[in-house]
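Colleague: Got a minute to walk me through this one? I'd like the helices and strands.

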Amino acid sequence: MSTALLIVDVQLDFCEGGALGVSGGAGVAAAISRHAAENEYAHVVATRDYHVDPGDHFSSQPDYVRSWPVHCVAGTAGAAFHPELEVGPVRAVFSKGQYSAGYSGFEGKDRLGTPLRDWLGERGVDAVDVVGIATDHCVRATALDAAKAGLTTTVLLSLTAGVAPATVDTAVRDLRVAGVALTGTPVVA
């Protein structure tokens, strides 16, 4: 089995002090770096929100379900990876949400325009360990799409940060129902 570590949206805007800061995000960034250094993966890849004009995904009166304050705008500091995330091992970055909400990393493409699923398939990856931010939004969507794509999918919950206990609990239930393996306990305020 060829396994990739899939790091979801460990960006400044999703960590403490960012536009949509999640408590524990910086700590998760550092923990992911340690995990990547201590474990051997066939590939390490990352996704990022990289919004250009995502339409009604941005709102001055967000509902925090389908609409959100402005965040992770392409080319801004908030869209950058958190400095605690060691990006040296990352072989490809998949940008998502340029013109849509872009919750799942499987909506993303690398700098050459290759979709994440194709990139993994071209390298014989058949399993992914999913980590990152936020457990209840983009981690959930990415892991569900990985499972739908036929990949053996595990979410390393202790390497995720979630927004709220209720939505994290719902996400964990959804992942279990979809057959996603879960280990650890998510960081959640």
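Modeller: We can take one helix and then the strands. Bear in mind that this is a predicted model.

Colleague: Start with H3, residues 135-148. How many of its residues are buried?

Modeller: Ten of its 14 residues, so H3 is mostly covered, taking buried as under 20% relative accessible area. Among them are Asp136, His137 and Cys138. Thr135, Val139 and Leu144 are buried too.

Colleague: What do the buried residues of H3 pack against?

Modeller: Four strands and a helix are on the list: E1 (3-8), E3 (92-96), E4 (127-133), E5 (152-162) and helix H4 (165-177).

Colleague: Which glycine just after H3 has a positive phi?

Modeller: Glycine 150, with phi at about 90 degrees.

Colleague: Switching to strands. How many residues of E2 are buried?

Modeller: Six of seven. E2 spans residues 43-49 and is mostly covered.

Colleague: In which sense do E1 and E2 pair?

Modeller: Parallel, over five bridges. Alanine 4 has histidine 43 in E2 as its bridge partner.

Colleague: And how does the chain cross from E1 to E2?

Modeller: Through helix H1, residues 25-38. That β-α-β crossover is right-handed.

Colleague: What about E2 and E3, parallel or antiparallel?

Modeller: E2 and E3 pair in the parallel sense, over five bridges.

Colleague: Which residue in E3 is the bridge partner of aspartate 49?

Modeller: Lysine 96. To recap, E2 pairs with E1 and with E3.

Key. Residues are numbered from 1 along each chain as its sequence is written. This is a predicted model: local features need pLDDT of at least 70, side-chain atom pairs count only at pLDDT 80 or more; totals for chains, interfaces and linings use all residues. Side-chain values use heavy atoms; hydrogens and water are left out. Buried means under 20% relative accessible area, exposed over 50%, partly exposed in between (1.4 Å probe, protein chains only). Helices (H or I, at least four residues) and strands (E, at least two) are DSSP runs, numbered from the N terminus. Contact means heavy atoms within 4.5 Å. Two strands pair if DSSP finds at least two bridges between them. A crossover is right-handed if, with the strands pointing away from the viewer, the path from the first strand over the helix to the second runs clockwise.
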